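Please look over the protein shown here. The report below takes up its cysteines, its overall build, some single residues and a pocket.

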Amino acid sequence: ESTTEITPELQHSRRAYLKLPLDRKIAIFAGRFVENKGLHEIREIAASLPDVLFLMCGSGPLDPTNWCLSNVAVLGTKGPTELKDLFLASDVLLLPSTEGGFPLVVPEAMACGLPCCILKDTWLAWGEGAQYFVILERSRMIVQFARYLASPMDFAIRRDLARYATASWDWRRSGIDFLELYRHTKKRHTASP
C-alpha cells in the first residue's frame, strides 16, 4: 500500500474484509503474551473502556481469554500480511511494554499509518519524532489512552506518520548505513598500529 492511500475508506474496507465492526474504536496489541509487554495494563484499560474493541495478536504463557472481557478478541499469531490488514483496520496500537527497548512492531504499525500508544521509556529507546507517537505515562495510562481515542490523529497526520516511519526505518538505507559504518571501522582498524 502506498502511504498516501491511508484513508477512512481504506480503514473501512479492511474492517469489512476482516468482518470487524465499522462503528467502534479498535485498539490492537501484537506481541508475546507476557507480563513485560504490558498485558496487565491492557487488561485494566480494556476493562475500563468496554466500548473499545481490543484485538490481541500473539501467543504466550498469559491468556487474555481468561480476562472474560467481551470487548477483547484473541486472534492468535498472525503473519505479516494478516497483521498489515489488521493494522490498517485499527485505530491505534497499544503496547505498554516495560522492557525490550524499541519493539519492531512499532515501526511496522507506523508504516501502515497506525498511531502507537507506548510508554515513555519505549519511545526514549528511539528518541525522535515525538509528535508521531502517543506517549503514555504509566501512572495515567488509562486516562491518557481514553483521551487519545476521544480525539485521535486525523488521517492526514496518519499519512505523515507513515511517511516518517518509511523514511526512518527503510531497510535499504539502513543497510547502506551499516555497510558504511563497517567500512569506516575496518579502515580505522587496518590503519591502527
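How far is the sulfur of Cys117 from the closest cysteine sulfur?

## Cysteines

The distance is 8.0 Å, and the partner is Cys116. That is too far for a bond. The model is a predicted one. Cys117 is buried, at 0% relative accessibility.

Cys112 gives a similar picture. Its closest cysteine sulfur also sits in Cys116, 9.6 Å away, so the gap is too far for a bond. Cys112 counts as buried because its relative accessibility is 10%, and the cut-off for buried is under 20%. A disulfide is a covalent bond between the sulfur atoms of two cysteines. Across the whole structure, the search finds 0 disulfides. The cut-off applied to a sulfur pair is 2.5 Å.

## Overall build

The protein has 8 helices and 6 strands. Read from the N terminus, the order is α-β-α-β-β-α-β-α-β-α-β-α-α-α. The run thus opens with a helix and ends with three helices in a row.

The protein has 193 residues, and 43% of them count as buried. Its accessible surface is about 10600 Å². Carbon and sulfur atoms hold 56% of that surface. Take the contacts between residues at least 6 apart in sequence: 62% of them join residues at least 24 apart.

## Positive phi in two loops

Lys19 is not a glycine, yet its phi is positive, at about 60°. This residue lies in the loop between helix H1 (8–18) and strand E1 (26–30). Lys19 is exposed, with a relative accessibility of 73%.

Cys68 is another non-glycine residue with a positive phi, near 55°. The loop between strand E2 (53–57) and strand E3 (72–76) holds Cys68. Is Cys68 buried or exposed? At 70% relative accessibility, Cys68 counts as exposed.

## Asn71 in the E2–E3 loop

Asn71 also belongs to the loop between E2 and E3. Its relative accessibility is 3%, so Asn71 counts as buried. Cys68, in that loop, is exposed.

Which residues does Asn71 touch beyond its neighbours within four places in sequence? The contacts are Arg24, Ala46, Leu49, Pro50, Val52, Leu53 and Phe54. One of these, Leu49, is 22 residues from Asn71 in sequence. Their C-alpha atoms are 8.5 Å apart.

## Glu5 before H1

Glu5 is placed in the segment before H1. Glu5 is partly exposed, with a relative accessible area of 40%. Along the chain, 108 residues separate Glu5 from Gly113. In space, the C-alpha atoms of this pair are 9.7 Å apart.

## The second largest pocket

What volume does the second largest pocket have? The value is about 150 Å³. Its lining is made by Ala30, Gly31, Arg32, Cys57, Gly58, Ser59, Thr77, Lys78, Leu83, Val105 and Glu108.

By class, the lining of this second largest pocket has 4 nonpolar, 4 polar and 3 charged residues. Two lining residues, Ala30 and Cys57, can be placed on strands. Ala30 falls at the end of strand E1 (26–30), and Cys57 at the end of strand E2 (53–57).

Methods. Residues are numbered from 1 along each chain as its sequence is written. This is a predicted model: local features need pLDDT of at least 70, side-chain atom pairs count only at pLDDT 80 or more; totals for chains, interfaces and linings use all residues. Side-chain values use heavy atoms; hydrogens and water are left out. Helices (H or I, at least four residues) and strands (E, at least two) are DSSP runs, numbered from the N terminus. Buried means under 20% relative accessible area, exposed over 50%, partly exposed in between (1.4 Å probe, protein chains only). Contact means heavy atoms within 4.5 Å. Accessible areas come from the Shrake-Rupley method with a 1.4 Å probe; for residues, only the protein chains shown count as cover. On a 1 Å grid over the protein atoms alone, a cavity is a set of points where a 1.4 Å probe fits but cannot get out, and a pocket is an open set with protein on both sides within 12 Å along at least five of seven lines; lining residues have an atom within 4 Å of a point. Grid points are joined across faces, edges and corners, and a volume is the space filled by probe spheres set on the points. Ala, Val, Leu, Ile, Met, Phe, Trp, Tyr, Cys and Pro count as nonpolar, Asp, Glu, Lys and Arg as charged, and the others, Gly among them, as polar.
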